Amino acid sequence: MTEETTPAQGAGNAVGAGAVRPAQSAPSRPLPPGLDLLWGRRGRGQRGPKPGLSVDAIVAAAIRLADAEGLEAVSMARVAEQLGFTTMSLYRHVSSKEELLQLMWNGSAQGAEGIVLTGDDWRSRLRMWATIQREMMDRHPWITQMPMAAPPMAPNSLTFVERGLEAMDGSGLADADKLRVIGLISSYALSEARMAYDAARAAKQAQAAAAAGEPQPAWTWEGLVREVADEQTYPRLHRLAWTGSIGDDPSGWDPQEEFRFGLDRILDGVEALIRTTEP
């Protein structure tokens with residue numbers, strides 16, 4: 001275990017990936033809980049921190065737990081157990097589970113500052129940016145289950161948005177339109193990753209049921225269409241399902257191939273938007 005750090009210092013390592021910077025001037029309003037920790041605007045609390053424990057260690061343990069068992073497995077008690085501390089010890093560093101989730105989201109994007117987007121034009125760079133985002137969600141699929149009342153505002157999240165805006169340098173788009181494109185691609189990536197994660201969980205549950213002597217069919221959308229869409233009632237769906245254009249039963253479409261197809265169509269739309277702004 002590394003030497004004890006203060007909450008603000010801990011947020012600048014594995015959690016903040018070096019993105020925490022002191023405020024240039026005194027903030028007029030306090031940041032919401034969690035963000036104040038990530039942005040280095042929270043001082044040491046009244047109670048001293050537990051020796052041998054840090055924000056970084058807590059967040060890393062929570063991410064490992066979520067990667068292995070899903071977001072529903074994450075609780076302050078389970079994380080404390082993983083680290084060999086009492087639950088109350090964690091509260092000296094992280095005030096609530098909601099705050100822990102914010103720290104986990106930021107931690108999942110660790111390394112955002114080191115991203116280098118390559119390509120000869122905005123489209124290839126933005127395509128790489130979107131692909132990196134989807135790969136990050138595939139590494140940490142619990143992200144798709146995170147509550148999101150507002151766009152993520154943690155340091156690593158904003159750094160990743162900055163890289164996306166940078167990818168569109170020279171495109172001719174207005175800054176506000178660049179931000180809209182970032183939001184559109186991010187929403188699309190999140191939706192596709194969520195469906196892939198839910199399908200994988202359903203398949204895993206079916207396998208577990210089969211192993212326990214309770215066999216259940218691991219239905220895919222494609223398999224269900226082939227099962228229920230008769231030719232007379234659903235002639236177009238029936239033709240689509242049985243011509244092989246959606247893959248060989250039962251695998252159906254490949255999630256990554258479908259993601260790339262949709263991403264390219266979005267980029268086609270961005271390209272058309274750029275043409276309308278050209279003199």
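At roughly what angle do the axes of helix α7 and helix α8 cross? In this predicted model, the two axes cross at roughly 160° and come within 8 Å of each other. A second helix pair, α3 with α6, crosses at roughly 80°. The briefing also covers the largest pocket, with about 650 Å³ of space, and the confidence of the model, whose protein chain has a mean pLDDT of 82.

**Helices α7 and α8**
- Helix α7 spans residues 122-139 and helix α8 spans residues 155-167.
- Angles over 145 degrees count as roughly antiparallel, and α7 and α8 are therefore roughly antiparallel to each other.
- On the α7 side, the contact is made by Trp 122, Arg 125, Leu 126, Trp 129, Ile 132 and Gln 133.
- On the α8 side, Phe 160, Arg 163, Gly 164, Glu 166 and Ala 167 take part.
- By class, the residues of this α7 contact with α8 are six nonpolar, two polar and three charged.

**Helices α3 and α6**
- The axes of helix α3 (residues 55-69) and α6 come within 9 Å.
- Their crossing angle of roughly 80° makes α3 roughly perpendicular to α6.
- From α3, the contact is made by Val 55, Ile 58, Val 59, Ala 62, Ile 63 and Ala 66.
- From α6, the partners are Leu 100, Leu 103, Met 104, Gly 107 and Ser 108.
- This contact of α3 with α6 holds nine nonpolar and two polar residues, and no charged ones.

**The largest pocket**
- The largest pocket has a lining of 28 residues.
- Nearest the centre of the largest pocket lie Trp 105, Gln 133, Pro 152, Val 161 and Ser 186.
- Helices α6 (97-108), α7, α8 and α9 (175-211) each contribute at least two residues to the lining.
- The lining of the largest pocket consists of 19 nonpolar, eight polar and one charged residues.
- Gln 133 of α7 is among the residues nearest the pocket centre and also takes part in the contact with α8.

**Confidence**
- In the protein chain, 81% of residues reach a pLDDT of 70 or more.
- Residues 1-14 stay under 50 in pLDDT, and the model gives them 38 contacts beyond four places in sequence.
- Residues 16-23 are also below 50, with 24 contacts in the model beyond near neighbours in sequence.
- Where pLDDT is low, predicted coordinates should not be read in detail.

Note on methods
Residues numbered from 1 in each chain as written. Predicted model: local features only at pLDDT ≥ 70, side-chain atom pairs only at ≥ 80, totals over all residues. Heavy atoms only, no water. Axes fitted to C-alpha atoms, helices over the stretch in contact; angles between N-to-C directions. Helix = DSSP H or I, 4+ residues; strand = E, 2+ residues; numbered from the N terminus. Parallel < 35°, antiparallel > 145°, perpendicular 65-115°, else oblique. Contact = heavy atoms within 4.5 Å. Nonpolar A, V, L, I, M, F, W, Y, C, P; charged D, E, K, R; others polar. 1 Å grid on protein atoms, 1.4 Å probe; cavity = no way out; pocket = protein on both sides within 12 Å on 5 of 7 lines; lining within 4 Å. Points joined across faces, edges and corners; volume = space filled by probe spheres on them. pLDDT = per-residue confidence, 0-100.
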